[in-house]
Amino acid sequence: MGVCLIMSGQGCRTFETYGHGDWFGLLGTFITPDAYNMTRLDLAFDDHTGLLDMNRLLDDTDDHYYVSRSRWWKVEYGSEGTSIYHGSPKSDVRFRIYDKAAERGLLDGSHWIRVEMQLRDKLASSMAAEILKDLNVGRSFCGVLRNYLTYRDPNGDSNRSRWPLADYWEKLLAGAEAVRLWTAPGVEYNIFRLERFLVDQCGAAIRCYNDLYGFPELMEKIKLRGVRTSLKYQLLLQQAGKG
């Protein structure tokens, strides 16, 4: 199966402490086509200020005061606190909301509620590409959350999607626009994937030709090759304003 890399929470902290800590560079590398397969990506928002109240979240979940793209949900109670799940264990998108302070056994009154997002396979890669668009993890997290799960205040309308956002959820999303994660085969492409392909798979050949004939000669032959630019490259040029 080749090489498999798993980075737990502690592994991420180690990467930041002893590695270069360049998360954007790491994500850009792992969404390279035909070179890596990203099977899972976990992101989390930690509330230490009291924005989220676990009891209200539990009540709103039990009363179905939310709109979710998944019909599957579950609430778990235990000695390590409570957890709310939206999306089954096999879903490509799954959310877990839980009392992290209780899970850690913190008895000093600490407030620590975590909203965790778990993405699998193509949606994991799609999320990585979304983050790399403007290099803003928080905005991407909130945008995807707004699209897939929102808690609401009932107003009598039979359509819950027309209910206003619950005040705590609106503050959590911080005005982020909804982001839909999807992958169109053969279309989604970005500069990181282009660069990885050129460097990792064609780098030796490009360097050899440049040493033999020079880069201008290579570019001239490419321009005269008479092959139409594929759709993914056309889209990449358009996104960069050069199409």
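So, is Leu135 buried, partly exposed or exposed? Hold that thought for a moment, and I'll come back to it once we've walked through the fold. One thing up front: what you're looking at is a predicted model.

Okay, the overview. We've got one chain here with 11 helices and 7 strands. Of its 243 residues, 34% are buried. The accessible surface adds up to about 15300 Å², and carbon and sulfur atoms account for 52% of that. If you take the contacts between residues at least 6 apart in sequence, 59% of them link residues at least 24 apart.

Now the sheet. Have a look at the five strands in the order β1-β6-β5-β4-β3: they make an open sheet, and the pairing is antiparallel. At the edges sit β1, residues 40-47, and β3, residues 73-78, and each of those pairs on one side only. Going from one strand to the next, the twist averages 15 degrees.

Let's zoom in on one pair. Strand β4 covers residues 81-86 and β5 covers 93-99; they run antiparallel, with 4 bridges joining them. If you want a residue to click on, try Tyr85, whose bridge partner in β5 is Arg96.

What lies across the sheet? That would be helix α6, residues 137-148, which lies across β1, β5 and β6. Against β6, which is 113-120, the helix runs at about 80 degrees.

Next, two residues with backbone angles you might want to check. Start with Asp121. Asp121 isn't a glycine, and yet its phi is positive, about 50 degrees. You'll find Asp121 in helix α5, which spans residues 121-134. Its relative accessibility is 40%, so Asp121 counts as partly exposed, given that the class runs from 20% to 50%.

And what does Asp121 touch? Leaving aside residues up to four places away in sequence, Asp121 touches Met38, Thr39, Arg40 and Asp92. There's also a distance you can check on screen: the C-alpha atoms of Asp121 and Val93 are 9.8 Å apart, and those two are 28 residues apart along the chain.

Then there's Leu135, our opening residue. Leu135 also has a positive phi, near 55 degrees, and again we're not talking about a glycine. Leu135 sits in the loop between α5 and α6. As for the opening question, the relative accessibility of Leu135 is 46%, so Leu135 counts as partly exposed.

Last stop, the surface. Turn the model to find Leu198, Val199, Ile206, Phe215, Met219 and Ile222. Together they form a nonpolar patch with about 460 Å² of accessible area. Two elements give two or more residues to that patch: α8, which is 191-201, and α10, which is 215-223. The largest share is from α10, with 3 residues.

Phe215 is a good one to pick out, since it is one of the patch residues and lies in helix α10. How accessible is Phe215? Its relative accessible area is 42%, so Phe215 also falls under partly exposed.

That's the tour, so over to you for questions.

Key
Residues numbered from 1 in each chain as written. Predicted model: local features only at pLDDT ≥ 70, side-chain atom pairs only at ≥ 80, totals over all residues. Heavy atoms only, no water. Pairing = 2+ DSSP bridges. Axes fitted to C-alpha atoms, helices over the stretch in contact; angles between N-to-C directions. Contact = heavy atoms within 4.5 Å. Buried < 20%, exposed > 50% of the residue type's maximum accessible area, 1.4 Å probe, protein only. Areas by Shrake-Rupley, 256 points an atom, 1.4 Å probe, with all protein chains shown as cover. Patch = residues over 30% accessible without salt bridge, like charges linked within 9 Å, V, L, I, M, F, W, Y side chains within 5 Å. Salt bridge = Lys/Arg side-chain N within 4 Å of Asp/Glu carboxyl O.
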